[in-house]
Amino acid sequence: MTAPQSFTEVVLITGATSGLGRGLAMDLAPRGATLLLHGRDPDRLAALVADLREAAPDAVVRTYPADLADLDDVRALGERVAAAEPRLGVLVNNAAVGFGADPSLRETSAQGHELRFAVNHLAPHLLTALLTPLLVASAPARVVNVASVGQAPLDFDDLAMTGSYDGVLAYRRAKLAMIMSTFDLAERLRPTGVTVNALHPATLMDTTMVRDAGISPRSTLEDGLRPTARLVVDPALATVTGRYFDRFTDTRAHEQAYDPEARARLAAATAALLA
């Protein structure tokens, strides 16, 4: 974007050191946003900060390293941000684990949860819960959950997928869980001035996650960046909440996302796993 609109909000981006998260940080820095950047690797975070300062010398950037595959790290991240930051205008839950180089390999998180469900659903759910008081105090504020058009219904008899395993199916189930959680939180926060939306940014963007899965990219990073940045900055969306966007289109997610019983079962299972 050659002449970006000014945007001076405080924005926390998870998974900021590569792919869409990095692209969003590079887009928002010249606009004047204060950036709170999460990544697993402190060295990669430092390199990103250097690149941001070169592109936008006056950029205000603070870094928060954490491993989202460890719920103890997620809790520590939320507590650090809540203690250090007086304001949070936007939380972008972008970090994710993809299909994996070997989709038949079932991986687990530090707490023993299926890895994709842990990183793509449990971690953003927990982080958002920890930061909700700060978001409410900063309202109007926004939560943007980076989901996927690839969604598959949850099997509540085997959420952990200990029977048969497929990394692609695990990814799609976790992304639907994220959308279901988005809708629940939007309803709860509607009176507070905090909006909560999910989006599919673009199909198989040219990212490390896609290439590591051995898949040929079908979209550019810019294709996904534009609709994601829109949910972050567009004043026309200031009061839009509880929606799922396929890029720029407000549309319907998988039907299970609108099933009150399924959402209640997911909420109960999520609370039990986070207890």
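**Exercise 1. Place Leu28 in the fold.**

Task: find which residues Leu28 contacts, leaving aside its neighbours within four places in sequence.

Solution.
- Step 1. List the contacts. Leaving aside neighbours within four places in sequence, Leu28 touches Phe7, Val11, Ile13, Ala33, Leu35, Val232 and Val233. Keep in mind that this is a predicted model.
- Step 2. Locate the residue. Leu28 belongs to helix 1, residues 19-28.
- Step 3. Buried or exposed? The relative accessible area of Leu28 is 0%. The cut-off for buried is under 20%, so Leu28 is buried.
- Step 4. Take one distance. From the C-alpha atom of Leu28 to that of Ser109 is 31 Å, and the two residues are 81 apart along the chain.

**Exercise 2. Read the sheet.**

Task: give the strand order of the open sheet and say which strands stand at the edges.

Solution.
- Step 1. Write the order. The open sheet has eight strands, in the order 3-2-1-4-5-6-7-8. Its pairing is mixed.
- Step 2. Recall the principle. Strands of a sheet pair through backbone hydrogen bonds, parallel or antiparallel.
- Step 3. Look at the ends of the order. Strand 3 (60-65) and strand 8 (249-251) are the edge strands. Each has a single partner strand, so one side of each lacks a neighbour in the sheet.
- Step 4. Add the twist. On average, neighbouring strands are turned by 25° against each other, direction ignored.
- Step 5. Check one pair. Strand 1 and strand 2 (residues 34-39) run parallel and are joined by four bridges. Ile13 has Leu37 in strand 2 as its bridge partner.
- Step 6. Add helices. Helix 2 (residues 42-55) lies across strand 2 and strand 3, at about 170° to strand 3. Helix 7 (residues 221-233) also packs on the sheet. Helix 7 touches strand 4 (90-93), strand 5, strand 6 and strand 7, and its direction makes about 160° with that of strand 5.

**Exercise 3. Study strand 6.**

Task: find how many residues of strand 6 are buried, then describe its pairing with strand 5 and strand 7.

Solution.
- Step 1. Count. Seven of the seven residues in strand 6 (residues 194-200) are buried.
- Step 2. Sort by direction. Val194, Val196, Ala198 and His200 point one way. Thr195, Asn197 and Leu199 point the other way. Both sets are buried.
- Step 3. Turn to strand 5 (residues 141-146). Strand 5 and strand 6 run parallel, with six bridges between them. Val146 has Leu199 as its bridge partner in strand 6.
- Step 4. Follow the chain. From strand 5 the chain passes through helix 5 (residues 167-189) to strand 6. This β-α-β crossover is right-handed.
- Step 5. Turn to strand 7 (residues 244-246). Strand 6 pairs with strand 7 in the parallel sense, over three bridges. Here Leu199 stands opposite Phe245.

**Exercise 4. Map the nonpolar cores.**

Task: say which residues of the largest nonpolar core touch the most other members, and which helix gives the most to this core.

Solution.
- Step 1. Name the centres of contact. The largest nonpolar core has 51 residues, and Val81, Leu88 and Ile179 touch the most other members.
- Step 2. Find the suppliers. Among the elements that each supply at least two residues are strand 1 (10-13), helix 3 (71-84), helix 4 (115-137) and helix 8 (260-274).
- Step 3. Pick the top one. Helix 4 gives the most, with eleven residues.
- Step 4. Zoom in on Leu88. Beyond four places in sequence, the contacts of Leu88 include Val10, Leu12, Leu36, Leu131 and Leu135.
- Step 5. Look for a second core. Another core of 31 residues lies apart from the largest one. Phe7, Leu20, Leu35 and Val146 are among its members.

**Exercise 5. Classify the aromatic pairs.**

Task: there are two aromatic pairs; say what kind of pair Phe99 and Tyr171 form, then do the same for Phe183 and Tyr258.

Solution.
- Step 1. Take Phe99 and Tyr171. Their ring centres are 5.1 Å apart, with 85° between the planes. Planes over 60 degrees apart count as edge-to-face, so this pair is edge-to-face.
- Step 2. Place both residues. Phe99 sits in the loop between strand 4 and helix 4, and Tyr171 in helix 5, so the pair ties together parts 72 residues apart in sequence.
- Step 3. Check burial. Phe99 is buried at 17% relative accessibility. Tyr171 is buried too, at 11%.
- Step 4. Take Phe183 and Tyr258. The centres are 5.3 Å apart and the planes stand at 35°, so the pair is tilted.
- Step 5. Place them. Phe183 lies in helix 5 and Tyr258 in the loop between strand 8 and helix 8, so parts 75 residues apart in sequence are tied together.
- Step 6. Check burial again. Phe183 is buried at 5%, whereas Tyr258 is partly exposed at 28%.

Technical notes:
Residues numbered from 1 in each chain as written. Predicted model: local features only at pLDDT ≥ 70, side-chain atom pairs only at ≥ 80, totals over all residues. Heavy atoms only, no water. Buried < 20%, exposed > 50% of the residue type's maximum accessible area, 1.4 Å probe, protein only. Pairing = 2+ DSSP bridges. Right-handed = clockwise from strand over helix to strand, strands pointing away. Contact = heavy atoms within 4.5 Å. Core = buried A, V, L, I, M, F, W, Y, C linked by side-chain atoms within 4.5 Å. Axes fitted to C-alpha atoms, helices over the stretch in contact; angles between N-to-C directions. Phe/Tyr/Trp six-rings, centres within 6.5 Å; stacked < 30°, edge-to-face > 60°.
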